[in-house]
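Work through the exercises below with the sequence and the model open. Try each task before you read its solution.

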Amino acid sequence: MDAEISVVRMAQRGDLPAFTSLVEGHWTRLVGLARSILGDADAEDAVQDGMVAVWQNLHRLKDPAAFTSWVMRIVSRACLRRVRSRKPLVPLAAVPEPSDRRSATGVGNFDVERVLAVLAPRQRAVMHLTVIEGMTDSEIGQALGINAASVRSHRRRARNRLRQVLVPAAAAEHQLVASSWARGR
Amino acid sequence: MKTDKDPLIRFEEAWQEWVQRPPETSAAAGAERVAAAVRASRRRRRPRWIMATAAAAALLVAGFTAHFVLRGPTPPVPTVMAPAAVPLGAGEVLIWLDDDTPLYMTFQEPTGGTS
């Protein structure tokens, strides 16, 4: 952590190679966050845009120890801006089911991107930081620039929405397994 | 049985796996992309600085031009009358203190008393 703080200070003084090393250290984690908010297609471009904004605003970072959460906030905003500039997403119900039901609802086989599309972008960000990063509510609030109560509200709504989508799929899966047993496979 | 597990928990596990796939661009290559984008954004900024300087210079030129054009014709400088052109009577003397300031003096015959 101390090593990163000194690199952040060097980058704040305009040292581009120091900044590049910070980007390299955070790249994979930030692409993961961007994937959850945007999907695979635009994730890396959004991280690139976000990191250019980080460079341009480095002088505003007062506490180098808070670099990671500060970067996550900027990259999240870059992702949310991209989402707003896109055409509205098609709701999951409007997307035709694949002809082979087993490939869509097989055991543990989720089309994660398709399921995440039912959530609002900010809900995806909150859920990512909860489920994938394991952050606390106040850390998530700092990363997204919202208060802890808003974090809890977004998470509750996101989980309710996911259950609405996933539980019928799980019920269909049970039916598939039950009918396989009945035919004596 | 796997299918009995809470579907939300199963989804979150699948999500972990999905997110943790290696990015298409490696971390080193991604960092280079960002550095190139930062350098390109610096180059894009320079023309704005040049334009700002050009605008300031244009304002300066416009200001000077307006000052000299709008000031109007300069007021006529008073002509200095050559001494020979000024009619002087007897006993009158004209002395030019400077180009603009004539001094007329008149000498009179003393009428009495001591000088």
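## Exercise 1: A salt bridge across two chains

A:Asp45 counts as partly exposed because its relative accessibility is 34%. Here buried means under 20% relative accessible area, exposed over 50%, and partly exposed in between, with a 1.4 Å probe and protein chains only. The model is predicted: local features need pLDDT of at least 70, side-chain atom pairs count only at pLDDT 80 or more, and totals for chains, interfaces and linings use all residues. Residues are numbered from 1 along each chain as its sequence is written, chains are lettered from A in the order in which they are written, and side-chain values use heavy atoms, without hydrogens and water.

**Task.** Find the residue with which A:Asp45 forms a salt bridge.

**Solution.**
1. Apply the cut-off: a side-chain nitrogen of Lys or Arg lies within 4 Å of a carboxyl oxygen of Asp or Glu.
2. The partner is B:Arg33, with the closest N and O atoms 2.9 Å apart.
3. Place both residues. A:Asp45 lies in helix 3 of chain A and B:Arg33 in helix 2 of chain B, so the pair joins two chains. Helices (H or I, at least four residues) and strands (E, at least two) are DSSP runs, numbered from the N terminus.
4. Check B:Arg33. This residue is partly exposed, at 25% relative accessible area.
5. Look for another partner. B:Arg33 also meets A:Glu44 in a salt bridge, at 3.4 Å from N to O.

## Exercise 2: Two more bridges from helix 3

**Task.** Which residues meet A:Asp40 and A:Asp49 in salt bridges?

**Solution.**
1. Start with A:Asp40. Its side chain meets that of B:Arg21 at 2.9 Å, N to O.
2. A:Asp40 lies in helix 3 of chain A and B:Arg21 in the loop between helix 1 (7-19) and helix 2 (27-70) of chain B, so this pair too joins two chains.
3. Go on to A:Asp49. The side chain of A:Arg82 meets it, again at 2.9 Å, N to O.
4. This pair links distant parts of the chain: A:Asp49 is in helix 3 and A:Arg82 in helix 4 of chain A, 33 residues apart.
5. Look for a network. Salt bridges that share partners join A:Arg35, A:Asp40 and B:Arg21 into one.
6. Count. The structure holds eleven salt bridges over all chains, and five are between chain A and chain B.

## Exercise 3: The interface

**Task.** How many residues does each chain bring to the contact, and what area is buried?

**Solution.**
1. Count residues with heavy atoms within 4.5 Å, the cut-off for contact. Chain A gives 41 residues and chain B gives 35.
2. Take the area. About 3500 Å² is buried between the chains, and carbon and sulfur atoms give 67% of it. Buried area is the accessible area (1.4 Å probe) that two parts lose on being put together, summed over both.
3. Find the main contributors. A:Trp27, A:Arg35 and A:Val112 supply 17% of the area that chain A buries against chain B, more than any other three residues.
4. Count residue pairs in polar contact: there are 13 between the chains, with both residues at pLDDT 80 or more. Such a contact is a pair of N or O atoms within 3.5 Å; within protein, one must be able to donate a hydrogen and the other to accept it, and residues adjacent in sequence count only if both atoms are side-chain atoms.
5. Name the top element. Helix 2 of chain A gives the most to the side of chain A that touches chain B, with eleven residues.

## Exercise 4: Two chains compared

**Task.** What are the helix and strand counts of chain A and chain B?

**Solution.**
1. Chain A has nine helices and zero strands.
2. Chain B has two helices and two strands, in the order α-α-β-β from the N terminus.
3. Add burial. Buried residues make up 46% of the 185 residues in chain A. For the 115 residues of chain B, the share is 18%.

## Exercise 5: A loop residue

**Task.** What does A:Phe110 touch?

**Solution.**
1. Locate A:Phe110: the loop between helix 5 (101-105) and helix 6 of chain A.
2. Leave out residues up to four places away in sequence. A:Phe110 then touches A:Leu166, B:Pro7, B:Arg10, B:Phe11 and B:Ala14.
3. Compare positions. A:Phe110 and A:Leu166 are 56 residues apart along the chain, and their C-alpha atoms are separated by 9.4 Å.
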